[in-house]
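Please read the following explanation with the sequence and the three-dimensional view side by side. It is meant for someone who meets this structure for the first time.

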Amino acid sequence: MKKLFAEFFGTYWLVFGGCGSAIFAAGYPELGIGFAGVALAFGLTVVAMAYAVGHISGGHFNPAVSFGLWAGGKFPTKDLIPYIIAQCIGAIAAAGTLYTIASGKAGFVIDNTKAGAFASNGFGAFSPDGYSLQAAFIAEFVLTLFFILIILGATDKFANSNFCGIAIGLTLTVIHLVSIPITNTSVNPARSLSQAVFTLGEPLSQVWLFWAAPILGAIAAGFIYKNLLKQEGEPEKIVL
């Protein structure tokens, strides 16, 4: 249960901090933090929770990460569904908190006919810059694949694990810098589901892509790392 609570709180903070920055601060008149600020917010939430509770649960905070570690042979099958449930509950709870806060401003309403409403993900007319379903799928698949490869490499027993949280957080920042205009960036099915549940409409009907593409990309990364990149035996000595 401690592991599941860690995943709940870690995912809650990721969604609250990342999506909250997009909802409240990204477009604030003249002083908005913009794409770069939102990207950094997502990265910093992962860094913070990786060091805060990563030692308890492994610090997944994302169903795609759980699937990727499972495919890479670093996570047991029996824990897969419980982790995903905890992550989704944490994400939805965070989205509920954001909705409650946003509702405290007069005139607040979610316009689910516009791309990115309530930090939701989408493609086609619901992509921030009008990218197609195919483009969105490729972006989410490839970015998640490399995200998981970096996680697997940074947390390998031969890697310097003291800095793995920073490497993973900075990777998520780069991912957002690339893909906010394409899909509003998911690479995390729980994050996508949580915002879509409150947005409803077309964003909710499109959420399937933000489960399918990241999970498939994560599983591909797990198999690639396990079979092509994972080092066996003693680590090589670096000669300076």
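The paragraphs below go from the interior to the surface and then to some individual residues. The model is a predicted one, and the values quoted are computed from it.

A natural place to begin is the interior. The largest nonpolar core holds 43 residues, and within this core Phe147, Ile148 and Ile151 are the members that touch the most others. Several helices contribute to this core, for at least two of its residues come from each of α1 (2-25), α2 (34-57), α3 (63-71), α4 (80-102), α5 (133-154), α6 (164-183) and α9 (209-229). Apart from this core lies another one, made of 5 residues, which include Phe123, Ala136, Leu209 and Ala213. To see the surroundings of one well-connected member of the larger core, the reader may look at Ile151, which, when residues up to four places away in sequence are set aside, touches Val65, Leu69 and Ile168.

The helices can also be set beside an annotation. In an unreviewed entry, UniProt lists residues 12-28, 34-53, 80-102, 131-152, 164-187 and 207-225 under "transmembrane region". For two of these stretches the model can be described in detail. Residues 12-28 are 82% helix and 0% strand, with 23 Å between the C-alpha atoms at the two ends, while residues 80-102 are 100% helix and 0% strand, with their end C-alpha atoms 33 Å apart.

Helix α7, which spans residues 189-199, deserves a paragraph of its own, since 8 of its 11 residues are buried and the helix is therefore described as mostly covered. The buried residues in question are Pro189, Ala190, Arg191, Ser192, Ser194, Gln195, Ala196 and Thr199. Among the elements that cover them are α1, α2, α3, α4, α8 (201-205) and α9. From helix α8 one may pick out Leu204, a residue that is partly exposed, with a relative accessible area of 32%. Leaving out residues up to four places away in sequence, Leu204 touches Ala196 and Val197. Val174 lies 30 residues from Leu204 along the chain, and the C-alpha atoms of these two residues are separated by 26 Å.

Some nonpolar side chains are found on the surface instead. Tyr51, Phe163, Ile166 and Leu170 form a nonpolar patch there, with a combined accessible area of about 400 Å². One of them, Tyr51, belongs to helix α2, and this residue counts as partly exposed because its relative accessibility is 42%.

Charged side chains come next. How many salt bridges does the count give? The count comes to 1 salt bridge, in which the side chains of Asp79 and Lys78 meet at 3.3 Å, N to O. Side chains of opposite charge can pair when their charged atoms come close. The two partners differ in their exposure, since Asp79 is buried with a relative accessible area of 17%, whereas Lys78 is exposed with a relative accessible area of 65%. Another lysine, Lys157, is located in the loop between α5 and α6, and at 69% relative accessibility Lys157 counts as exposed. Although Lys157 and Gln231 are 74 residues apart in sequence, their C-alpha atoms are 9.3 Å apart in space.

The loops hold further details. Most residues other than glycine have a negative phi, and most peptide bonds are trans. Against that background, Phe118 has a positive phi near 50 degrees without being a glycine, and Ala119, which is not a glycine either, has a positive phi of about 60 degrees. Phe118 is found in the loop between α4 and α5, and Ala119 is also placed in the loop between α4 and α5. Is Phe118 buried or exposed? Phe118 is buried, because its relative accessible area is 8%, and Ala119 likewise counts as buried, at 5% relative accessibility.

A residue in another loop leads back to Ala119. Asn184 sits in the loop between α6 and α7 and is buried, with a relative accessible area of 16%. Beyond the residues up to four places away in sequence, Asn184 touches Gly116, Ala119, Ser120, Asn121, Pro128, Ser179 and Arg191. Of these contacts, Arg191 is one of the buried residues of helix α7, and Ala119 is one of the residues with a positive phi described above.

Technical notes. Residues are numbered from 1 along each chain as its sequence is written. This is a predicted model: local features need pLDDT of at least 70, side-chain atom pairs count only at pLDDT 80 or more; totals for chains, interfaces and linings use all residues. Side-chain values use heavy atoms; hydrogens and water are left out. A nonpolar core is a set of buried Ala, Val, Leu, Ile, Met, Phe, Trp, Tyr and Cys residues joined through side-chain atoms within 4.5 Å. Buried means under 20% relative accessible area, exposed over 50%, partly exposed in between (1.4 Å probe, protein chains only). Helices (H or I, at least four residues) and strands (E, at least two) are DSSP runs, numbered from the N terminus. Contact means heavy atoms within 4.5 Å. Patches are made of residues with over 30% relative accessible area and no salt bridge: like charges are joined within 9 Å, nonpolar side chains (Val, Leu, Ile, Met, Phe, Trp, Tyr) within 5 Å. Accessible areas come from the Shrake-Rupley method with a 1.4 Å probe; for residues, only the protein chains shown count as cover. A salt bridge is a side-chain nitrogen of Lys or Arg within 4 Å of a carboxyl oxygen of Asp or Glu. UniProt positions are given in the numbering used here, feature names are shortened, and annotations may be inferred rather than shown by experiment.
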